[in-house]
Amino acid sequence: MVIKWNPVASKVPLAGYLVYRAFPGDDTGAPLNSAPTTDTVWRDRTAKEATTYVFWVVAQTLEGKQSAASAKSKVEIPKTGGVVPFF
């Protein structure tokens, strides 16, 4: 599963982005990355087939302050009968 987003225009330097994943109905979730990434693409290699997730992104400053969450995207990972394909 690949998650892509647009960069944030910020007046303060950003450390990067945290990518969150949760199950539908869970508004807190947990970040997939332990440290902010400066990329605007994240490959979720732990997503399980036949499972629905909600993803969102939060920008983080160098001081550790976080932005409001981006819009949330609900994604259903299809059942592939084996390995989940990552493109």
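Is Thr 37 buried or exposed? In this predicted model, Thr 37 is buried, with a relative accessible area of 12%. The residue is placed in the loop that connects strand 3 to strand 4 (41-43). Leaving out residues up to four places away in sequence, Thr 37 touches Trp 5, Gly 16, Tyr 17 and Trp 42. Two of these partners, Trp 5 and Tyr 17, recur below as members of an aromatic pair.

The overall architecture of the predicted chain was examined next. The protein chain contains six strands and zero helices, and from the N terminus its elements follow the order β-β-β-β-β-β. The C-alpha trace spans about 45 × 25 × 20 Å along its principal axes. Of the 87 residues, 30% count as buried. The accessible surface amounts to about 5700 Å², and carbon and sulfur atoms account for 55% of that area. When contacts between residues at least 6 apart in sequence are considered, 60% join residues at least 24 apart. As for charge, the chain carries 10 positive and 7 negative charges, the mean positions of which are 3 Å apart.

Four of the strands form an open sheet in the order 3-2-5-6, with antiparallel pairing. Strand 3 (30-31) and strand 6 (73-77) are the edge strands, each pairing on one side only. In general, strands of a sheet pair through backbone hydrogen bonds, either parallel or antiparallel. Strand 2 and strand 3 run antiparallel and are joined by two bridges; at this junction Arg 21 stands opposite Ala 30 of strand 3. Eight bridges connect strand 2 with strand 5, again in the antiparallel sense, and Leu 18 faces Val 58 of strand 5 as its opposite residue. Strand 5 and strand 6 are paired over five bridges, also antiparallel. Across that pairing, Phe 55 stands opposite Ser 73 in strand 6.

Strand 5 (residues 51-61) is mostly covered, 10 of its 11 residues being buried. In the sheet order 3-2-5-6, strand 5 is placed between strand 2 and strand 6.

Strand 2 comprises residues 14-22 and includes Leu 14. Leu 14 is partly exposed, because its relative accessible area of 26% falls between the 20% limit for buried residues and the 50% limit for exposed ones. Apart from neighbours within four places in sequence, Leu 14 is in contact with Val 8, Ala 59, Gln 60, Thr 61 and Leu 62. Among these, Ala 59, Gln 60 and Thr 61 fall within the residue range 51-61 of strand 5. By C-alpha positions, Leu 14 and Ala 47 are 27 Å apart in space, with a separation of 33 residues in sequence.

Aromatic residues were then considered. Across the whole structure, a search finds four aromatic pairs. In one of them, Trp 5 and Tyr 17 adopt an edge-to-face arrangement, with 5.6 Å centre to centre and 65° between the planes. This pair links distant parts of the chain: Trp 5 belongs to the loop between strand 1 (2-4) and strand 2, whereas Tyr 17 lies in strand 2, 12 residues apart. Trp 5 counts as buried because its relative accessibility is 14%, under the 20% limit. Tyr 17 likewise counts as buried, at 6% relative accessibility. Thr 37, itself buried, touches both Trp 5 and Tyr 17. Elsewhere, Phe 23, Tyr 53 and Phe 55 form one aromatic cluster. Phe 55 of this cluster is also the residue that stands opposite Ser 73 in strand 6.

The loop between strand 5 and strand 6 contains Ala 68. Ala 68 is exposed, because its relative accessible area of 65% is over the 50% threshold. The C-alpha atoms of Ala 68 and Val 41 are separated by 19 Å, the two residues being 27 residues apart along the chain. Ala 68 and Thr 37 thus illustrate two loop environments: Ala 68 is exposed, whereas Thr 37 is buried.

Terms used. Residues are numbered from 1 along each chain as its sequence is written. This is a predicted model: local features need pLDDT of at least 70, side-chain atom pairs count only at pLDDT 80 or more; totals for chains, interfaces and linings use all residues. Side-chain values use heavy atoms; hydrogens and water are left out. Buried means under 20% relative accessible area, exposed over 50%, partly exposed in between (1.4 Å probe, protein chains only). Contact means heavy atoms within 4.5 Å. Accessible areas come from the Shrake-Rupley method with a 1.4 Å probe; for residues, only the protein chains shown count as cover. Lys and Arg count as positive and Asp and Glu as negative; His and the chain ends are not counted. The place of a charge is taken as NZ of Lys, CZ of Arg, CG of Asp or CD of Glu. Two strands pair if DSSP finds at least two bridges between them. Rings of Phe, Tyr and Trp (its six-membered ring) pair if their centres lie within 6.5 Å; planes under 30 degrees apart count as stacked, over 60 as edge-to-face and the rest as tilted.
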